[in-house]
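Work through the exercises below with the sequence and the model at hand. Try each task before reading its solution.

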Amino acid sequence: MEAMHECKHNPGFMRDTLVPMVGIITDIRTETPDVKTFRVNAPEGGKLFEHLPGQCAMVCVPGVGEAMFSITSSPTNKEYQEFSIKRCGVLTEHLHSMQVGDEIMVRGPYGNNFPVETELKGKNLLFIAGGIALAPLRSVINYCLDNRENYGEIDILYGSRSADDLVQRKEIEEVWCKQPGVNVHLTIDREQEGWDGHVGFVPSYLKELAFDTNRTAILCGPPIMIKFCLQGLKEMGFAMEQVYTTLELRMKCGVGKCGRCNIGTKYVCKDGPVFRFDQVDELPNEY
Amino acid sequence: MLKIKKSDLAALFARISEKNDLFLPVKTAGKTNFAAWDEAADVDLDTLKTVKSPKDAFFPQSENLYTCNREDGKLKVSPEKLTDEPFVLFGIRACDVRAIDVLDRVFLSEPVDSYYAARREHGIIVSYACNNPETSCFCKVFGIDAAVPAGDVVTWMVGEELYWEAKTEKGEALTAQVRDLLVDADVATVEAAQAAIRSIIEKLPNSNLSLEGWGAEAAKTRFDSPVWEQLYKPCLACGTCTFVCPTCQCYDIKDYNTGNGVQRFRCWDSCMYSDFTMMAHGNNRTSQMQRFRQRFLHKLAYYPANNEGMFSCVGCGRCVDKCPSHLNIVKVIKAFEKEGV
């Protein structure tokens, strides 16, 4: 990560990483009753910055607030960046009321990334996500699909409360499901009219699917789902070294200085958000 | 070694302030804190500890980061101007100088905080040895010598004279500005004063606290200790310890609507507050015990683990003096010394 980059609007002045860039919302997709995906471009077009799969950015509305969101679009997308945002607080409520053409502020990218060019390369991959937690994994999934020859078989296990709460359903059905060597396993918590897919919680579906351990797992979801999926993976024989996740804690600075996301010797914004579970096990139980 | 008569200090301060902003301990309404010097200032070099540490010379309690305005209907971000004028901090004690070293490792590590870095670049530190260490002091525990502080210039008050020694290039440059006010002095006089200071420090009740078991390994060995549960209960979560602490650097970033745009500022915050880690989906430290433990493990285990064993407590004793519940880091260290876990 660069410490400071030269400010485009004021040449010669080094812009601090805490100072954001203005971005334009160029598309808004309603994914579910409480999730929207926002497409963001630089005012002059193109992307605000380059990022790696799993990295995050601070999205800010002046006078309303600023918070860290994972960048859900893949770096292989050369035109724009996207954030899938669930309405659950003051800032996200405001973002949901915004329109195409509105200006927001963005700074980043922050944090580490999924090791797509090292540890994940050449591996069979198993993505496991619940609800809005598909957002950080989508960046990795699309990166792998755009570099298909570098990865083996890809399994995507994704579940949510109901069929209406599945994020990126169009892309899942029209793109992911049609890729060779990609198996998508969708599930919803309860029976629903018009749904002929699997019904049940993600951890129990994971057990039913009984994957062999010749793959690397990438797991993200609510804490309770993580707990039981991890238990399931262990029972299947997975080592903690072959399971990755991405953590979420309160953040303000994004650069390991404001102290909020500190757990043990790590700052989740800077040393994470991506951790292997053997690394997570080393942290005090405060996440 | 140089020196100046105490009675000539006003002339020294006037000279320094010709080319630099000068900040030193000033007594206002009975309390001594670092403040800007002017001829009317009640300069107080006798009070050992300013109420607040001088950390806000580099990391202000509140500072603007940038302003957002609308110009021709477009959102415009204007970063705050960085410090670009020299300033002198006169009269900083050894513990507080070490604290700047602690803060440097946070703010000057990548990515560098340019607001802090600009102040560090332009700030000149004139430290001041402690003639009268107090019972709440325990800087010796952290290997700090109050008789010989670090700094760009180090000074000692011996009798009615202030002894002055430049230690860095910045210190030499400042000395050149005031050289005609200083006269050559004898090192032996200062050495005798240093010996006297060290003999007082030896006798202080907390000078020989044991740090055994602290450091990187404590992150694991002491996290689940029952001692935290026994200790934290009187904590009111007022945050006084973090605000008077010279090394606490947690901060918040907030907006202020000026009516003509939005100023984004940062201000000191405290890990002792219940909303510090609160997010829309929950809070990862829900009890005061967890927050209390976080503060001390950060200073005595997490920070040293990331900084070659350097502790982020400097033994200034301000928390010892100011905690309304008489809870402090000395109590924590002693409790673990006794329990050994």
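The exercises go from one whole chain to its domains, then to the other chain and its core.

The model is predicted, so local features need pLDDT of at least 70 and side-chain atom pairs count only at pLDDT 80 or more, while totals for chains, interfaces and linings use all residues. Residues are numbered from 1 along each chain as its sequence is written, and chains are lettered from A and ligands numbered from 1 in the order in which they are written.

**Exercise 1. Describe the make-up and overall form of chain B.**

Step 1. Count the elements: chain B has 11 helices and 14 strands. Helices (H or I, at least four residues) and strands (E, at least two) are DSSP runs, numbered from the N terminus.

Step 2. Compare the radius of gyration with the globule rule. The radius is 22 Å, close to the 20 Å that the rule gives for 341 residues, so chain B is as compact as a globular protein of that length. The radius is taken over C-alpha atoms, and the rule is 2.2 Å times the number of residues to the power 0.38.

Step 3. Add the extent: the C-alpha trace of chain B spans about 65 × 65 × 40 Å along its principal axes.

Step 4. Add burial: 40% of the 341 residues of chain B count as buried. A residue is buried if 20 or more other C-beta atoms lie within 10 Å of its own, exposed if 12 or fewer, and partly exposed in between, with C-beta atoms placed from the backbone.

**Exercise 2. Find the domains of chain B and the element that gives the most to the domain 1 side of their contact.**

Step 1. Chain B is divided into domain 1 (2-64 + 78-203) and domain 2 (218-339), with bounds from an automatic or database domain assignment.

Step 2. The C-alpha centres of the two domains of chain B lie 26 Å apart. Their contact takes 26 residues from domain 1 and 22 residues from domain 2; two residues are in contact if their C-beta atoms, placed from the backbone, lie within 7 Å.

Step 3. On the domain 1 side, β4 (62-71) and α2 (94-107) of chain B are the elements that give two or more residues. With 8 residues, α2(B) gives the most.

**Exercise 3. Place β8 (103-110) of chain A in its surroundings.**

Step 1. Start at the interface: 34 residues of chain A are in contact with 38 residues of chain B. The elements giving two or more residues to the chain A side are β2 (14-15) and β8 (103-110) of chain A.

Step 2. Find the partners; two strands pair if DSSP finds at least two bridges between them. Strand β3 (residues 21-32) of chain A runs antiparallel to β8(A) and is joined to it by 4 bridges, with A:Gly23 bridged to A:Ile104. Strand β5 (residues 56-61) of chain A also pairs with β8(A) in the antiparallel sense over 4 bridges, and there A:Cys56 is the bridge partner of A:Tyr110.

Step 3. Check burial: 7 of the 8 residues of β8(A) are buried, so the strand is largely enclosed by the rest of the structure.

**Exercise 4. Is A:Ile132 buried or exposed, and what does it touch?**

Step 1. A:Ile132 lies in the loop between β9 (125-130) and α2 (134-146) of chain A.

Step 2. A:Ile132 has 24 other C-beta atoms within 10 Å, so it is buried.

Step 3. Not counting residues up to four places away in sequence, A:Ile132 touches A:Val35, A:Ser84, A:Lys86 and A:Val167.
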